[in-house]
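User: Could you take a close look at one part of this model for me, the salt bridges? I'd like to hear how the paired side chains are placed with respect to the surface.

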Amino acid sequence: MLLADLGADVVKVEPPEGDATRGWGPPWVGSEKDGSRTAAYYLAVNRSKRSLRLDLHAAAGAAVLRRLLADADVLVENFRPGALGRLGFGDAMLGELNPKLVHLAISGYGPTGPDADRPGYDFVLQAEAGLMSITGLSDEDGGRPTKVGVAITDVVTGLQGAVAILAAVAGRERPESPAHEVGQRIDVSLLGSTLAILVNQAQNAFVTGSSPSRRGNAHPNIVPYETFDTADGEVAVAIGSERQWPRFCEALGLGELAVDPRFATNENRVDGRIALRSILAERFLTKVSADWLARFTAADVPASGINDVAAAFAMPQSQALGMKVKVAHPAYGRTFQVAPPFALSVTPTRAPTAPPLLGEQSDEILAEVGYTAAEIKALHRAGVV
């Protein structure tokens, strides 16, 4: 989807029953009576693509895919290792078919190792890769390991894959690159991608030899950098520099903390986390959230209330960024999409088109790769498309 946002012509090859996420509802859009019902989940990650319904287990379906790949820049697939080869599209065959093809293979655990054949799902990988162990309330607060509220393992794997594809395509175009005018295979796994986003928590474990613990909304390396209850709600504050610390203290009416040697530096504050949090928590309870946020804004201290999803998109700043875009859908009428988060000054992202119905563009795609009208009708009659 990100590549489509950037202008790529993305053909989504779907099995006869369709992408599984079409059924990941409720909530739904469309009508079950006319067969147009689709899960909101599917709409979230499929804008600006074209859909080709194709049975790859049929010889005629494999022939269609060969025609598509012969002139393609990139193939993205997320079969288990070896499954694409069993369909007749192993690495050697792909190289013969299109020597310039960039092939991104997404798998749960990578192409080698004892777990290579295991199925990979976001939730399981959040648990297995350590992410859940640092997410959620601490044991002292009655917490337990918790998944992130979106399928973050899937999301970051897609991001890593998109970055790698862009690097491979750019390398193919550079004369000085060893990949000049040739394609290459890229392997990205859910496991590797999740381990990679542990960043400072992983480094903390490497340095100390101990796994980090859950701290709820608190930061393991910066204090104060967490949420506090107020007289009528909760606010989040992030004191990320020593310059902000005295301004934060003054805004709280606790100027003496800024010169207290127990809390003079971030290192001191991390070491004195429990004592400092007790002082701050008591002070935050004396005013409502709006009062504190007004004070922090005046003091140029990073802070916010805690929005739900609808409120986050309704913020004036979100609207100024155009993060919610209207799209016309052939079956559902007007729908909305989350906009791409990047803005390019010379080559802007494409205007989004609606996520496709199953096989919506099958006929036009087949015609583009040389199938006649009669041949397309025959493929439909045979159930290949």
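Analyst: Arg-262 and Asp-260 make a good starting pair: they form a salt bridge whose closest N and O atoms lie 2.8 Å apart. Their surroundings can be read from the accessibilities in this predicted model. Arg-262 is partly exposed, at a relative accessible area of 46%. Asp-260, with 15%, counts as buried, because the cut-off for that class is under 20%.

Next, have a look at Arg-185 and Asp-187. Their side chains also meet in a salt bridge, with 2.8 Å from N to O. Here Arg-185 is partly exposed at 35% relative accessible area, and Asp-187 counts as partly exposed, its value being 35% as well.

Then there is the pair of Arg-172 and Glu-173, a salt bridge with its closest N and O atoms 3.5 Å apart. That distance still qualifies, because the limit is within 4 Å. On the accessibility side, Arg-172 counts as buried at 6%, whereas Glu-173 counts as exposed at 53%. The label for Glu-173 follows because exposed means over 50%.

Beyond these pairs, you may enjoy tracing a network: salt bridges link Asp-9, Arg-50, Glu-364 and Glu-368. For the wider picture, searching the whole structure gives 18 salt bridges. If you would like one pair to display while you read, try Arg-172 and Glu-173, where a buried arginine meets an exposed glutamate.

Notes
Residues are numbered from 1 along each chain as its sequence is written. This is a predicted model: local features need pLDDT of at least 70, side-chain atom pairs count only at pLDDT 80 or more; totals for chains, interfaces and linings use all residues. Side-chain values use heavy atoms; hydrogens and water are left out. Buried means under 20% relative accessible area, exposed over 50%, partly exposed in between (1.4 Å probe, protein chains only).
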